[in-house]
Amino acid sequence: MTAPTHLGTPAPASSSGRTGARPVIPVGRVGPQHSPLAPPAASPAAGDLLRAVFRQHAAGVSIVTAPGERPAGFTATSLTSVAADPPLISFGVGTTSSSWPAVAEAEHIGVHILGEHQQELAATFARSGADRFAPPTRWHTGPEGVPVLEGVVAWLVARVVARVPAGDHRLVIAEVVAGDPVGGGRPLLYHRGRFTALRD
């Protein structure tokens with residue numbers, strides 16, 4: 001087996017002579033001149049590695065909505081339950097996204113867990129330039145004026161409490177104030193660059 005190494009340091013040859021271990025892909029150095037608390041700018045290789053690894057990660061698919069003169073929304077796979085007391089959720093949104101200006105100003109946002117039958121809805125809210133709230137999208141104005149999508153597995157409305165800078169994104173943290181957990185159905189997933197469903 002390959003001996004464990006620091007990130008970016010080649011592993012010494014195994015004395016056992018066994019082969020077949022998958023190589024570690026180095027993406028940077030951690031040393032006296034590069035503190036892990038203040039790392040240098042990420043290399044393109046690190047970004048490629050991150051994308052390649054997360055293609056193997058199956059994520060739930062949600063849609064985030066925000067009120068405004070024109071409602072805004074986008075498909076997200078970064079939704080996370082942060083805490084139960086107080087009830088906090090988080091998600092990431094790119095600062096170049098067309099939805100970011102609305103999310104940046106919104107006091108409340110909506111989060112919708114999509115069902116496996118809603119691949120087209122997920123694609124619509126992920127498509128640049130699409131009129132995401134036009135038919136056949138079904139929605140109504142919910143608590144705090146937030147657009148609430150219909151036919152979803154579950155939804156929440158939450159009050160934004162923080163927008164934390166995170167590279168070219170913002171990590172939005174919000175406190176749950178309303179919702180419905182019993183829409184029914186099985187959730188939609190995203191894996192290896194495409195929408196998919198649970199398999200029994």
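In strand β11, residue Y190 is the bridge partner of A59. This pairing was identified in a predicted model. Strand β1 is joined to β11, which spans residues 188-191, by 2 bridges, and the two strands run antiparallel. Both belong to an open sheet of 3 strands, ordered β1-β11-β12 and paired in antiparallel fashion. The edges of this sheet are formed by β1 (59-60) and β12 (194-197), each of which pairs on one side only.

Strands β11 and β12 also take part in the surroundings of helix α3, since the cover over the buried residues of this helix includes β2, β3, β8 (147-149), β11 and β12. Helix α3 comprises residues 119-126, and its buried residues include L121, A122, T124 and F125. These four residues lie on the same side of α3, because the arc that they cover around the axis is only 160°. On the other side of the helix, E120 and A126 are exposed.

Strand β2, one of the elements covering α3, consists of residues 62-66 and contains S62. The relative accessible area of S62 is 2%, and this residue is therefore classed as buried, the cut-off for that class being under 20%. Beyond its neighbours within four places in sequence, S62 is in contact with two runs of residues and one further leucine: F74, T75 and A76, then V111, H112, I113 and L114, and in addition L79.

A76, a contact of S62, also appears in the lining of the largest pocket, where A76, T77, S78, G92 and H169 are the residues that lie nearest the centre. This pocket encloses about 1100 Å³ of space and is lined by 30 residues. Two or more lining residues are contributed by each of α1 (44-54), β3 (72-76), β5 (87-94) and β10 (169-180). Strand β3 is thus named both here and among the elements that cover the buried residues of α3. Classified by residue type, the lining consists of 11 nonpolar, 13 polar and 6 charged residues.

The second largest pocket contains about 320 Å³ of space. Its lining is made up of 14 residues, and those nearest the centre are R70, P71, A72, G73 and F133. By class, 6 of the lining residues are nonpolar, 4 are polar and 4 are charged.

How values were computed. Residues are numbered from 1 along each chain as its sequence is written. This is a predicted model: local features need pLDDT of at least 70, side-chain atom pairs count only at pLDDT 80 or more; totals for chains, interfaces and linings use all residues. Side-chain values use heavy atoms; hydrogens and water are left out. Two strands pair if DSSP finds at least two bridges between them. On a 1 Å grid over the protein atoms alone, a cavity is a set of points where a 1.4 Å probe fits but cannot get out, and a pocket is an open set with protein on both sides within 12 Å along at least five of seven lines; lining residues have an atom within 4 Å of a point. Grid points are joined across faces, edges and corners, and a volume is the space filled by probe spheres set on the points. Ala, Val, Leu, Ile, Met, Phe, Trp, Tyr, Cys and Pro count as nonpolar, Asp, Glu, Lys and Arg as charged, and the others, Gly among them, as polar. Buried means under 20% relative accessible area, exposed over 50%, partly exposed in between (1.4 Å probe, protein chains only). Contact means heavy atoms within 4.5 Å. The arc is that of the directions from the helix axis to the C-beta atoms.
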